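User: Hi! I have a structure open on my screen and would like to work through some of its charged pairs and its ligand site with you. Could we take it one question at a time?

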Amino acid sequence: MTRVLTTVAEVRDALAGRSIAFVPTMGALHEGHLSLARIARDHADEVVVSIFVNPTQFGAGEDFDAYPRTLDTDLELLEAAGVEWVFAPAAAEVYPERFPSDGEAGVEGRVEHVTAGPLGAQFEGAARPNHFDGMLTVVLRLFDIVRPQVAVFGQKDAQQLALVRAMVAERNLPIDIIAAPISRESDGLARSSRNRYLTAAQRASAPAIFQALTAASHSLTEGNTARAAIEAGRRRIQAEPELELEYLELVDDTTFEASESGNLLITVVRAGATRLLDNLPVANGIDEFLR
Ligand code: AMP
C-alpha cells in the first residue's frame, strides 16, 4: 500500500530511523522513473519517491505551468511498483517562508540556496540559466527532509547526476548516489515526461537522436577522430526536418568539459519547442542497451 506524505512533519513521523532509498522526481511518471524505484528497492528497507514540480529550476518562459501533472496516475503506477512512500509536498513545505527559529510555528528546516558553479555553467546550464542552482537547492532540501542513505538518479540527466555527485562529495553528505541506466522506448528514444508533447511527425523522427549517438559512438570505436565522430552524429540529426540540433559533443562525464578523449556523448535536440536530452557512454553504451 503506497502512502502519501505531504508535510515535513509527516515525513519525520513516518520515516524516522528507517533505512531509506530515495528517488526524487517531478511526476508525470513513466517506465524510466519506475526503473529507478526498482533499483532503489535493492538498497534500503523503504523506498521514498518524491513528486514535486520544482518552480526554482524552471526559467522564465519555460514550461513550469504547462509541465504535466498526473498525480492520480503516478500513484497508481507507484502502487503497482510496490513503492511504500510518496512525498508530494506543496511548494510552501519545500520553501517555507517561516521557520521555527522565528519563534512561530512553521515548517521545519532551512533552505540553503546552492550554486552549481563551473560544472553547471555549460551545456544544460548555459541553455537554462539558474536551472542547476534550482535543481541542487531542491535536491539538498529534499535530502534534508527525507534523510535517505541512498538516492537514485537517472543517467538520462547526466550533467544533473554529475552535479549531485559533486555536491554530495563537497558536503560529505552520508548518501550513496546511484546512477540508473537510461530507460528507452523499443526504437531507442529515451523515455521522458516531455515526450508526450511531441506531434506524431516529431515522434516518428525522434529515434534519430539515439541513432545519432550510436553513429558517433561507432565512428569512435572504428578509430575515427572525435571531430569526425561528432560530425557523423550531427549529420544524422540534421537529416531530420522535424528536428533541430542544439548540441552534440563528446565530454568527460565528471567535468562536463568537451574533450577529444571524453567518455560520454551528450546531445540536446529540439522538436518544435520540446528539448529532448540524450547521452551515451562511448565504448559500452550500445552494448548495454542491446543486452
Ligand atoms: P524528472 O522527473 O524528469 O526530473 O526525473 C526524475 C528522475 O528520473 C531523474 O533522476 C531523471 O534522470 C530520471 N529519469 C527520467 N527519465 C529517465 C529515463 N528515461 N531513464 C532513466 N532515468 C530517467
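User: Is arginine 270 buried, partly exposed or exposed, and at what relative accessible area?
Analyst: Happy to help, and please keep in mind that this is a predicted model. Buried would require under 20% relative accessible area and exposed over 50%. Arginine 270 falls between those limits, so the residue is partly exposed, with a relative accessible area of 26%.

User: Which residue forms a salt bridge with arginine 270?
Analyst: The closest N and O atoms of this salt bridge are 2.4 Å apart. Arginine 270 lies in strand S8 and its partner in strand S7, so the pair ties together parts that are 24 residues apart in sequence. The partner counts as partly exposed, at 28% relative accessibility. The residue you are after is glutamate 246.

User: Which residues are linked with arginine 270 in a network of salt bridges?
Analyst: Glutamate 246, the direct partner of arginine 270, is one of the members. The full network is made up of Glu124, Glu244, Glu246, Arg270 and Arg275.

User: How far apart in sequence are the parts tied together by arginine 275 and glutamate 124?
Analyst: The side chains of these two residues meet in a salt bridge, with N to O at 2.7 Å. Arginine 275 sits in strand S9 (residues 274-281) and glutamate 124 in helix H5, so the parts joined by this pair are separated in sequence by 151 residues.

User: Is glutamate 124 buried or exposed?
Analyst: Glutamate 124 is found in helix H5, which covers residues 124-127. Setting aside residues up to four places away in sequence, its contacts are Phe132, Gln159, Tyr247, Val268, Arg275 and Leu277. Its relative accessible area is 5%, and the limit for this class is under 20%, so glutamate 124 counts as buried.

User: Which side chain joins that of glutamate 124 in a polar contact of 2.6 Å?
Analyst: Arg275 is already accounted for, as its side chain meets glutamate 124 in a salt bridge. The 2.6 Å polar contact joins glutamate 124 to the side chain of tyrosine 247.

User: What relative accessible areas do glutamate 240 and arginine 236 have?
Analyst: These two form a salt bridge, their closest N and O atoms being 3.1 Å apart. Glutamate 240 is buried, because its relative accessible area is 17%. Arginine 236 is partly exposed, with a value of 26%.

User: Turning to the ligand, which residues come nearest?
Analyst: There are 17 residues around the ligand. By type, this shell holds seven nonpolar, seven polar and three charged residues. Those that come nearest are Met26, Gly154, Asp157, Ser183 and Arg191.

User: Which element supplies the largest share of the shell around the ligand?
Analyst: Strand S2 (20-25), helix H2 (31-41) and strand S5 (150-154) each contribute at least two residues. The largest share is three residues, and these come from H2.

User: How much of the ligand does the protein bury?
Analyst: Let's start with the polar atoms. One oxygen contact of the ligand is at 2.9 Å, to a backbone N or O atom of methionine 26, and an oxygen is 2.6 Å from an N or O atom in the side chain of aspartate 157. A nitrogen atom of the ligand is 2.8 Å from a polar backbone atom of serine 183. Taken alone the ligand exposes 490 Å², and the share of this that the protein buries is 93%.

Definitions and conventions
Residues are numbered from 1 along each chain as its sequence is written. This is a predicted model: local features need pLDDT of at least 70, side-chain atom pairs count only at pLDDT 80 or more; totals for chains, interfaces and linings use all residues. Side-chain values use heavy atoms; hydrogens and water are left out. A residue is near a molecule or strand if one of its heavy atoms lies within 4 Å of it. A polar contact is a pair of N or O atoms within 3.5 Å; within protein, one must be able to donate a hydrogen and the other to accept it, and residues adjacent in sequence count only if both atoms are side-chain atoms. Accessible areas come from the Shrake-Rupley method with a 1.4 Å probe; for residues, only the protein chains shown count as cover. Helices (H or I, at least four residues) and strands (E, at least two) are DSSP runs, numbered from the N terminus. Ala, Val, Leu, Ile, Met, Phe, Trp, Tyr, Cys and Pro count as nonpolar, Asp, Glu, Lys and Arg as charged, and the others, Gly among them, as polar. Contact means heavy atoms within 4.5 Å. A salt bridge is a side-chain nitrogen of Lys or Arg within 4 Å of a carboxyl oxygen of Asp or Glu. Buried means under 20% relative accessible area, exposed over 50%, partly exposed in between (1.4 Å probe, protein chains only).
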